[in-house]
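User: I am new to this protein and would like to be walked through it slowly. Could you take my questions one at a time and explain how each answer is reached?

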Amino acid sequence: MARTVITNGLVFDGSGSAPAPGEVIVDGDRIAEVRSGWHTGHQADRIVDATGCTVMPGLIESHAHLTFPSAVGHIDPSFNPPLDVSFFHHIEGLPAELARAERNAGILLDAGFTSAYSAGSLLPMPVEVILRDKIKAGVTPGPRMRAASMERDNHPVRPDGHTEPDWQGPDACRRWVLDMAKQGYDSVKFLLSNDDVFVEGGSHITQYSQEEANAAGEAAREAGVWLNCHAQSAESVKMAVKAGFRSIYHCTYADEEALDLLESVKDTVFVSPAPGIIYANVHEGAEFGIDRAVAEKMGSVAALDGMMAVYPEIRKRGIRALPGGDYGFPNNPIGRNARDLELFVDILGYTPLEVLTAATKHGGELLGLGDIGMLRPDWVADVLVVRGNPAEDVRILQDRDNLVAIMQDGRFHKAPAA
């Protein structure tokens with residue numbers, strides 16, 4: 001099998017230790033060895049000179065929305081809630097939706113993300129299940145992924161005006177989870193709290209009862225799937241922890257009791273604040289009609305303040321917070337995902353090493369595949385060669401020209417220059 005040695009650079013192995021001179025040896029689709037210092041006389045099919053670079057694990061997106069329409073080079077202003085949601089009036093069907101998701105998957109891989117954990121499909125179509133399987137089979141380039149269902153709102157009246165009978169209650173939540181598991185999703189998404197984008201004050205509205213959330217949790221354990229949730233209100237965060245949700249998004253207004261609960265399950269639960277879209281709404285939305293007044297009405301200004309208050313406490317308690325999330329809007333397109341690492345440092349109080357560890361090691365723990373997210377012997381060879389040292393400046397990961405090489409499963413998606 002092909003053997004590659006990447007040498008003469010710094011190595012960040014994902015453990016949290018600072019990058020240090022070393023080399024990474026890849027044999028087939030696995031890491032064969034990670035060793036300190038630089039050596040000569042390599043027996044290898046290929047030598048990659050990483051002088052001036054850092055060798056690190058592939059990035060992992062913790063809150064992916066690959067079915068959202070906007071990506072770098074492909075901005076779609078028709079999906080810009082609450083100002084414009086005309087996107088939903090020109091859905092062409094499964095083939096078109098799958099084609100766009102495949103395009104987005106390729107763009108995310110080009111940005112150095114070799115794995116992704118989905119935070120929910122946009123439409124009730126099995127796009128993500130098909131996409132996941134095509135990527136795994138090597139038919140479509142993209143990050144290996146965990147597919148998630150469309151998010152379940154707890155309102156019986158759907159956006160198109162159709163009323164769903166027997167939509168609420170524990171039995172309905174249980175049926176939903178079992179149906180999504182049957183369709184092949186790895187995780188099932190619930191909108192436990194509402195959102196200010198949908199209704200004024202929505203982020204503080206908890207939409208489910210504890211009995212409904214518990215029924216969903218029991219069904220998920222029975223079916224062997226995970227639960228993800230949008231949870232901004234303090235009560236929705238507590239509900240998610242008590243019901244056994246795996247990935248809890250936002251946690252914007254978590255109170256002391258919610259933080260205590262999160263800390264009590266910090267070995268099994270992950271949180272993703274998704275600062276990218278909130279920061280973009282507050283500071284970068286004017287081109288798409290989101291000025292300061294609109295951002296305040298959307299709740300983004302308050303949400304940014306809430307994140308800045310709660311995440312230093314989450315960090316202090318050792319709760320695993322992961323970068324990424326809600327990329328796919330016009331002012332926050334897919335492909336800019338590495339920007340979340342900068343926001344973790346600049347506005348949430350994390351160090352560059354902490355956020356690099358979160359985007360690699362902890363992201364791998366979220367995926368639950370056992371050998372993803374670190375450079376270790378016998379682990380999957382997902383490797384980036386990055387010009388510069390991201391432990392000194394995480395912003396360099398946002399420039400694709402700095403991604404000298406992108407390796408996934410031991411194969412170069414982007415090969416280094418000869």
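What follows is a set of questions and answers about aromatic rings, nonpolar cores, one helix and some backbone angles.

User: Before we begin, what kind of model is this?

Analyst: Local features are taken up here where pLDDT is at least 70. That confidence limit applies because the model is predicted.

User: How many aromatic pairs does a search of the whole structure find, and what is the geometry of Phe-79 and Phe-88?

Analyst: The search of the whole structure gives 11 aromatic pairs. In the pair of Phe-79 and Phe-88 the ring centres are 5.8 Å apart and the planes meet at 75°. Because planes over 60 degrees apart fall in that class, the arrangement of Phe-79 and Phe-88 is edge-to-face.

User: Is Phe-79 buried or exposed, and what is the relative accessible area of Phe-88?

Analyst: Phe-79 has a relative accessibility of 4%, and therefore counts as buried. Its partner Phe-88 is instead partly exposed, with a relative accessible area of 36%.

User: Which residues do ring pairs link into a cluster with Phe-79?

Analyst: The two rings just discussed, Phe-79 and Phe-88, both belong to a cluster linked by ring pairs. The other members of that cluster are Phe-68, Phe-87 and Phe-329.

User: Where does Arg-100 lie, and which residues does Arg-100 touch?

Analyst: Arg-100 is part of helix H1, which covers residues 94-110, and at 15% relative accessibility Arg-100 counts as buried. Leaving aside residues up to four places away in sequence, the contacts of Arg-100 are Leu-66, Thr-67, Phe-68, Pro-69 and Phe-87.

User: Over which ring does the charged end of Arg-152 sit, and how many Å from its centre?

Analyst: Trp-167 and Trp-176 are both buried. The charged end of Arg-152 is placed over the ring of Trp-167, and its distance from the ring centre is 4.0 Å.

User: Which residues touch the most other members of the largest nonpolar core, and which helix gives the largest share?

Analyst: The largest nonpolar core has 98 residues, and those touching the most other members are Val-177, Phe-190, Phe-245, Ile-248, Leu-262 and Tyr-311. The largest share of this core amounts to seven residues, and the helix supplying them is H9, residues 300-316.

User: How many residues are in the other core that lies apart from it?

Analyst: This other core includes Ile-31, Cys-53, Val-383 and Val-404. In general, nonpolar side chains tend to be buried together in soluble globular proteins. The number of residues in the core lying apart is 16.

User: On which residue is the kink in H11 centred?

Analyst: Helix H11 runs over residues 352-367 and reaches 22 Å from its first C-alpha to its last, close to the 22 Å expected. Its buried residues include Thr-357, Ala-358 and Ala-359. There is nevertheless a kink of about 40° in H11, and the residue at its centre is Ala-358.

User: What is the omega of the peptide bond from Pro-81 to Pro-82?

Analyst: Pro-82 is found in the loop between strand E6 (59-64) and H1. Most peptide bonds are trans, but the bond from Pro-81 to Pro-82 is cis, with omega near 5°.

User: What is the phi of His-250, and what is the phi of Asp-409?

Analyst: His-250 belongs to strand E11 and is buried, with a relative accessible area of 6%. Asp-409 is in the loop between strands E14 and E15, and at 23% relative accessibility Asp-409 counts as partly exposed. Phi is positive in both residues, near 85° for His-250 and near 55° for Asp-409.

Definitions and conventions
Residues are numbered from 1 along each chain as its sequence is written. This is a predicted model: local features need pLDDT of at least 70, side-chain atom pairs count only at pLDDT 80 or more; totals for chains, interfaces and linings use all residues. Side-chain values use heavy atoms; hydrogens and water are left out. Rings of Phe, Tyr and Trp (its six-membered ring) pair if their centres lie within 6.5 Å; planes under 30 degrees apart count as stacked, over 60 as edge-to-face and the rest as tilted. Buried means under 20% relative accessible area, exposed over 50%, partly exposed in between (1.4 Å probe, protein chains only). A charge sits over a ring if NZ of Lys or CZ of Arg is within 6 Å of the ring centre and within 35 degrees of the ring normal. Helices (H or I, at least four residues) and strands (E, at least two) are DSSP runs, numbered from the N terminus. Contact means heavy atoms within 4.5 Å. A nonpolar core is a set of buried Ala, Val, Leu, Ile, Met, Phe, Trp, Tyr and Cys residues joined through side-chain atoms within 4.5 Å. The expected span of a helix is 1.5 Å times one less than its number of residues. The bend at a residue is the angle between axes fitted to the seven residues ending there and the seven starting there.
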